[in-house]
Amino acid sequence: MMTEELEKGGRNIGADDYTQDGTVDLKGYEVFERMAFYGISTNLVIYLSNKLHEGTVKSSNNVTNWVGTVWLTPIIGAYIADALLGRYWTFLISSAVYLLGMCLFTLAVSLKPLRPPSCGKGIKDTDCNKRASAFQIGIFYCALYIIAIGTGGTKPNISTMGADQFDDFDPKEKFQKLSFFNWWMFSIFLGTLFSNTFLVYLQDNVGPAVGYGLPTAGLVASVMVFLLGTNYYRHKNPSGSPFTRITQVLVAAATKWKVVVPNDPKELHELSSEHYATSAGIFRIDHTTSLRPLDKAAVKTGPSTSPWSLCSITQVEEAKQMIKMLPILISTFIPSTMLAQTHTLFIKQGTTLKRGIGPKFEIPPASLTAFITISMLITIVVYDRFIIPILRKYTKNPRGITLLQRLGIGLVLHIIVMLIASFVERKRLSVAREHGITEKNQIVPLPIFVLLPQFVLMGVADNFVEVAKLEFFYDQAPDSMKSLGTAYATTSLGVGYFLSSFLLSTVADVTKKNGHKGWILDNLNISHLDYYYAFYAVLSFINFLFFLVVARLFVYNTDRDQQRVAGDPT
């Protein structure tokens, strides 16, 4: 193992003294954090519909806009971590903001002056004419978006810190890291499963004070778990703004667009080994032939050494690595809109079906998302413990298959999910017509379990899409920009959720034109979600074709054998 000195808990220790206990604490945090986040997001569309009396399109879009913000703010958190505070302190400060938002949200749905007025016993929320005041609505959404700001600093840094605990220059730890993201997602979905079942039931049957108070307490516990592990973590110092470093390359290359790049890379500008020995988290990267126009930034044309006119080969290669992932990032936007359907329209479908089990118990519609979680948990274990070892024997790839191949399998499953969802919805509407069911609150005589196939298969697809996406953007990002790489994965989700809002509103408006009643109405029993899901299947297929092209053209970074200068005895 390398004898690199690692900053750990305020003291320096050798890498040989380190154990993987730090990842256990980080995974413990993630279980509780996801319990808090999904404790809100899973049932939010039902709360907005029943308590704030928002229609199908408005409630769905408010959910996707909030979740989209949650997944976009990590770009800011990644910048702060990489450029200013480092991952540890960015995460810790953001957790305090997250906690503030959770406490305010719990108060907003619990205290009588802050929550929407009660309709009284025996009156359904859907039949209630009482409305929340502007102040109550303002407090509610203020709490939600404070949470979104807090997650901006936690989401891109917690998983990155987890992966940082493995030394890529130690063969044993490097091999262990291959399974890290599989088990990281496993811990995430343990917390999600608790939210989708127990917490949703409490929110629907006991009350919001308990249903949302528990995840708030869980978040407090998770931060305590994180703090307890401080002395076990490998801490990496900030290495400067990744956006500035990338922009410098683009500006330098653009201002020298007429310059001819020499054939010999040794003629390009590179900094000395001593410079990298004193740089925080920046390791020397050899020249590659990809995106050759950017090499102009490293061509020496005069006495100026300004970073805006002359960049090192390593800096150019860092920019190349982040830029060449952008087409892959774009290809994940449509897949991310699939997750938005599971939190909105899929759940709204469940409210129209028979949910009873036995004489008294009714399944909360939002609890259907538990089947996504269960199927993903099972699939992760099967994939990691059985499928990968088998594939390894044939492909000789340590991961079994490449990350983009794994992602591609998930994209195919997404197409199948939307086709199944369309056929199931067509069946639901057919039964509704047979029984003359046309009113908004009438229940279609079909068990809610007819929706299981689309939920279960979505969980299987997530094992391929979400795990591969997170690992791919982390793995292919340069060392100094790992937080930004992880933020690519969250940005994919953020853009996907906002794109879902745009598509839903656009389709709802366009299909109402020329006297048509529209595909998406507040009354799902006379809507045409089957058409909408079929539209998504076509859109997913087109996106899959685009993915095949960009994946075919993508060139993976070579295995990281760059010399680690700082503390390297060689």
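The exercises below, each with a worked solution, concern a predicted model of a protein chain.

**Exercise 1. Confidence along the chain**

Task: State what the average pLDDT of the protein chain is, and where the pLDDT falls below 50.

Solution: Begin with the whole chain, which averages a pLDDT of 82, with 83% of the residues scoring at least 70. Then turn to residues 1-21, over which the pLDDT is below 50, although this stretch has 53 contacts in the model beyond near neighbours in sequence. Finally, take residues 560-570, where pLDDT stays under 50 and for which the model has 25 contacts beyond four places in sequence.

**Exercise 2. Helix α17 and its partner α16**

Task: Determine how the axes of α16 and α17 are oriented to each other, and which classes of residue make up their contact.

Solution: First take the geometry: the axes of helix α16 (residues 403-434) and α17 come within 8 Å and cross at roughly 155 degrees. Angles over 145 degrees count as roughly antiparallel, and α16 and α17 are therefore roughly antiparallel to each other. The handedness comes next, and here α16 passes α17 in a left-handed crossing. The residues of this contact, sorted by class, are 21 nonpolar, four polar and four charged.

**Exercise 3. Helix α17 and its partner α13**

Task: Work out how α13 lies with respect to α17, and which residues meet between them.

Solution: The axes of helix α13 (residues 333-343) and helix α17 (residues 452-475) come within 11 Å, crossing at roughly 140 degrees. Because this angle falls outside the ranges set for roughly parallel, roughly antiparallel and roughly perpendicular, α13 and α17 are oblique to each other. The crossing in which α13 passes α17 is left-handed. On the α13 side, Ser336, Met338, Leu339 and Thr342 take part, and they meet Phe455, Met458, Asp462, Glu466 and Lys469 of α17. By class, this contact has four nonpolar, two polar and three charged residues.

**Exercise 4. An aromatic pair**

Task: Describe the geometry of the pair formed by Tyr79 and Phe243, and say where in the chain its two members lie.

Solution: A search of the whole structure finds 21 aromatic pairs. In the pair of Tyr79 and Phe243, the distance is 5.8 Å centre to centre and the angle between the planes is 35 degrees, and the pair is tilted. As for position, Tyr79 lies in helix α4 (residues 74-110) and Phe243 in helix α9 (residues 242-255), so that the pair links distant parts of the chain, 164 residues apart.

**Exercise 5. Positive phi values**

Task: For His53 and Leu291, give the value of phi and the loop in which each is placed.

Solution: His53, which is not a glycine, has a positive phi of about 55 degrees, and its place is in the loop between α2 (44-50) and α3 (56-72). Leu291, also a residue other than glycine, has a positive phi near 45 degrees, and is placed in the loop between α10 (273-277) and α11 (313-323).

Terms used
Residues numbered from 1 in each chain as written. Predicted model: local features only at pLDDT ≥ 70, side-chain atom pairs only at ≥ 80, totals over all residues. Heavy atoms only, no water. pLDDT = per-residue confidence, 0-100. Contact = heavy atoms within 4.5 Å. Axes fitted to C-alpha atoms, helices over the stretch in contact; angles between N-to-C directions. Helix = DSSP H or I, 4+ residues; strand = E, 2+ residues; numbered from the N terminus. Parallel < 35°, antiparallel > 145°, perpendicular 65-115°, else oblique. Left-handed = near helix turned anticlockwise from the far one by under 90°. Nonpolar A, V, L, I, M, F, W, Y, C, P; charged D, E, K, R; others polar. Phe/Tyr/Trp six-rings, centres within 6.5 Å; stacked < 30°, edge-to-face > 60°.
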